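Reader: Please take one part of this model and describe it closely, then place it in the chain as a whole. I would like a connected account rather than a list.

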Amino acid sequence: MATFRSASTLLSSDGTRTAGTAALFAEPSRKGGTPPWAGDFRVANDAGNGPKNAVGKTFTLELPDGSTGKVVVQSLKTGKGGVILALMGEDAPPF
């Protein structure tokens, strides 16, 4: 299982950029297909509460090396640690 954890940026369709940290993982592909990938995005403290009404919407996740991947927000959790978005990747993993 491939894993990735680093500072990243979540881009919305209107160009809004939300800084944070992505913790992603990919499972081995089955029968030669695209490997499924998912993870969490923790919104940076200075970025506020993150994208509004994000659940169910598609965003672009930009990694520090410039690679990108499309993600769908599955859920949003808030707590002492801040705002965390659960992500499900589309297409090939960018890491």
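Author: The part chosen here is strand 3, and the account starts with Trp 37, which lies in that strand. The model is a predicted one, and what follows describes that prediction.

Trp 37 has a relative accessible area of 2%. It counts as buried because that value falls under 20%. Between the C-alpha atoms of Trp 37 and Phe 25 there is a separation of 5.6 Å, with the two positions 12 residues apart along the chain.

Gly 39 belongs to strand 3 as well, which covers residues 37-43. Its relative accessible area is 9%, so Gly 39 is also buried. Which residues does Gly 39 touch, once its neighbours within four places in sequence are left aside? Its contacts are Ala 23, Leu 24 and Phe 25, together with Leu 85, Ala 86 and Leu 87. Strand 2 is made up of residues 17-26, and strand 6 of residues 82-90. Ala 23, Leu 24 and Phe 25 therefore fall in strand 2 by their numbers, and Leu 85, Ala 86 and Leu 87 fall in strand 6. Phe 25 thus appears twice in this account, as a contact of Gly 39 and as the residue whose C-alpha atom is 5.6 Å from that of Trp 37. A further distance concerns Phe 4: its C-alpha atom is 9.2 Å from that of Gly 39, and the two residues are 35 apart along the chain.

After strand 3 comes a loop that leads to strand 4, and Asn 53 is located in this loop. Most residues other than glycine have a negative phi. Asn 53 is not a glycine, yet its phi is positive, at about 45 degrees. Is Asn 53 buried or exposed? Its relative accessibility is 63%, so it counts as exposed. Asp 91 offers a second case of a positive phi outside glycine, with a value near 65 degrees. Asp 91 is located in the segment after strand 6, and its relative accessibility of 60% makes it exposed.

Strand 4, at the other end of that loop, spans residues 58-62 and includes Glu 62. Side chains of opposite charge can pair when their charged atoms come close. Glu 62 meets the side chain of Arg 17 in a salt bridge, at 2.8 Å from N to O. This pair links distant parts of the chain, since Arg 17 is in strand 2 and Glu 62 is 45 residues away from it. With a relative accessible area of 23%, Glu 62 is partly exposed. The count of salt bridges in the model comes to one. As for the charges as a whole, the chain has 10 positive and 8 negative ones, and their mean positions are 7 Å apart.

The setting for all this is a chain with six strands and zero helices. Of its 95 residues, 36% count as buried. Among contacts between residues at least 6 apart in sequence, 46% join residues at least 24 apart. The radius of gyration is 13 Å, which agrees with the value near 12 Å for a compact globule of 95 residues. Along its principal axes the C-alpha trace spans about 40 × 30 × 25 Å. The accessible surface comes to about 5,600 Å², and carbon and sulfur atoms account for 49% of it.

Technical notes
Residues numbered from 1 in each chain as written. Predicted model: local features only at pLDDT ≥ 70, side-chain atom pairs only at ≥ 80, totals over all residues. Heavy atoms only, no water. Helix = DSSP H or I, 4+ residues; strand = E, 2+ residues; numbered from the N terminus. Rg over C-alpha atoms; globule rule 2.2 N^0.38 Å. Buried < 20%, exposed > 50% of the residue type's maximum accessible area, 1.4 Å probe, protein only. Contact = heavy atoms within 4.5 Å. Areas by Shrake-Rupley, 256 points an atom, 1.4 Å probe, with all protein chains shown as cover. Lys, Arg positive; Asp, Glu negative; His and termini not counted. Charge placed at Lys NZ, Arg CZ, Asp CG, Glu CD. Salt bridge = Lys/Arg side-chain N within 4 Å of Asp/Glu carboxyl O.
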